[in-house]
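Thank you all for coming; I would like to take a few minutes to walk through one model, starting with a helix and then turning to aromatic rings. Please have the sequence and the structure open while I talk.

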Amino acid sequence: MSVNQATMTDGVQDGPADPGGSVPSGPVDAAPSKKGAERTDMVGKALGLLVLLGEEPRGASAAEISRRADLPFSTTYRLLGSLARDGFVDYEPDGRRYHLGLRIFQLGQRVSNHHGFAGAAMPVLRRVTEQTGEATILSVRDGHHHLTVNKVDGPQMFRVTSDPGHLGSLSATAVGKALVAFAEDAEREKLLAELPLEGLTEKSITDRNAFRAEIEQVRRQGFAVMDEENEIGMRAVAVPLLNSQGHAFASLATAVPVFRMDLEALKAHVPLLQDAAAELAARLPQR
């Protein structure tokens, strides 16, 4: 990655930061405990910038990141310089924009391999897709979201857009509902009480009592459905991957465009998904 001379825009630099310290770092406190706290805080801020960049597929300028992170420009610029130096961030000179770097991809692949998502899961997902002709998605819970960890697209032209790394709603997706419904009892109750109910479409469930009833139904029938609640024109069915205590550590879904399959035809794939989920539960680390 080449480093161009930083330019000035509206009185602030908007090019690659200088790791050598061209931006003043502020006063140095002599107390070791305070220094340690400041270093920890800066690590948190740097990680926050990476999360923000992950939400910007086309990248963002230092000024844009600074505004979104609600950080001083000098702090943002310095942190981006450190992240770029170590390969966690790439800088695009032409557009003066920052992107996630290959170091992030490398670490993500290691996490995927560690959890078995890359090796053990893919043959099972491919087999499900071969039988359904549609996209198969594997997700885990990440706080108040589901995280797509693996996906196999079907042979059709119309693609499902939740690629690996995508963070999505727990309340408006089939994979999310399955994760909530089969969470540990205390965790499920906490999610039912606190989970943001996002009105992503006019069909999204935004009433808390209605969502609780939906989750109870998912528990009774053993699978969850999404019918245009997350995205108009898409529907999905999902089943949980259960650990030895009967709690979900992941969920598996088939997703289709509404014009290609009605809800009843989609539900007919539940036995196939349940067999695949049982196989994955035996193969994958149950974390």
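Helices, as I use the word here, are DSSP runs of H or I with at least four residues, and they are numbered from the N terminus. Please keep in mind that this is a predicted model. Just after helix α8, G222 takes a positive phi of about 85 degrees, and that is a convenient place from which to look back along the helix.

Helix α8 comprises the 14 residues 208-221, and because a helix should advance 1.5 Å a residue, the expected span is 20 Å, which agrees with the 20 Å between its end C-alpha atoms. At the N-terminal end of α8, D207 acts as the cap, with a side-chain oxygen 3.1 Å from the backbone nitrogen of N209.

Which residues of α8 are buried? They are F211, E214, I215 and V218. These residues cover an arc of only 95 degrees around the axis, and therefore sit on the same side of α8. That buried set packs against α6 (174-181), α7 (185-194) and β8 (224-227), while the face of α8 turned away from the buried side carries the exposed residues N209 and R220. I would also point out R219, which lies over the face of F182, at 5.6 Å from the ring centre.

Let me move on to the aromatic pairs, of which the structure holds two. In one of them, F73 and Y77 are stacked, with 5.7 Å centre to centre and 20 degrees between the planes. Both of these residues lie in helix α3 (residues 73-85), four residues apart, or about one turn of the helix. F73 counts as buried because its relative accessibility is 17%, under the 20% cut-off, and Y77, at 1% relative accessibility, counts as buried too. The other pair is formed by Y91 and Y98 and is tilted, at 4.9 Å centre to centre and 50 degrees between the planes; both Y91 and Y98 are buried.

Finally, staying with α3, I would like to show you L83, which lies in that helix and counts as buried because its relative accessibility is 10%. Leaving aside residues up to four places away in sequence, L83 touches A46, L50, F88 and V89. How far apart are L83 and L49 in sequence and in space? They are 34 residues apart in sequence, and their C-alpha atoms are 9.4 Å apart in space.

Conventions. Residues numbered from 1 in each chain as written. Predicted model: local features only at pLDDT ≥ 70, side-chain atom pairs only at ≥ 80, totals over all residues. Heavy atoms only, no water. Helix = DSSP H or I, 4+ residues; strand = E, 2+ residues; numbered from the N terminus. Expected span 1.5 Å × (residues − 1). Buried < 20%, exposed > 50% of the residue type's maximum accessible area, 1.4 Å probe, protein only. Arc of directions from axis to C-beta. Contact = heavy atoms within 4.5 Å. Polar contact = N/O pair within 3.5 Å; in protein donor to acceptor, adjacent residues only side chain to side chain. Phe/Tyr/Trp six-rings, centres within 6.5 Å; stacked < 30°, edge-to-face > 60°. Lys NZ or Arg CZ within 6 Å of the ring centre and 35° of its normal.
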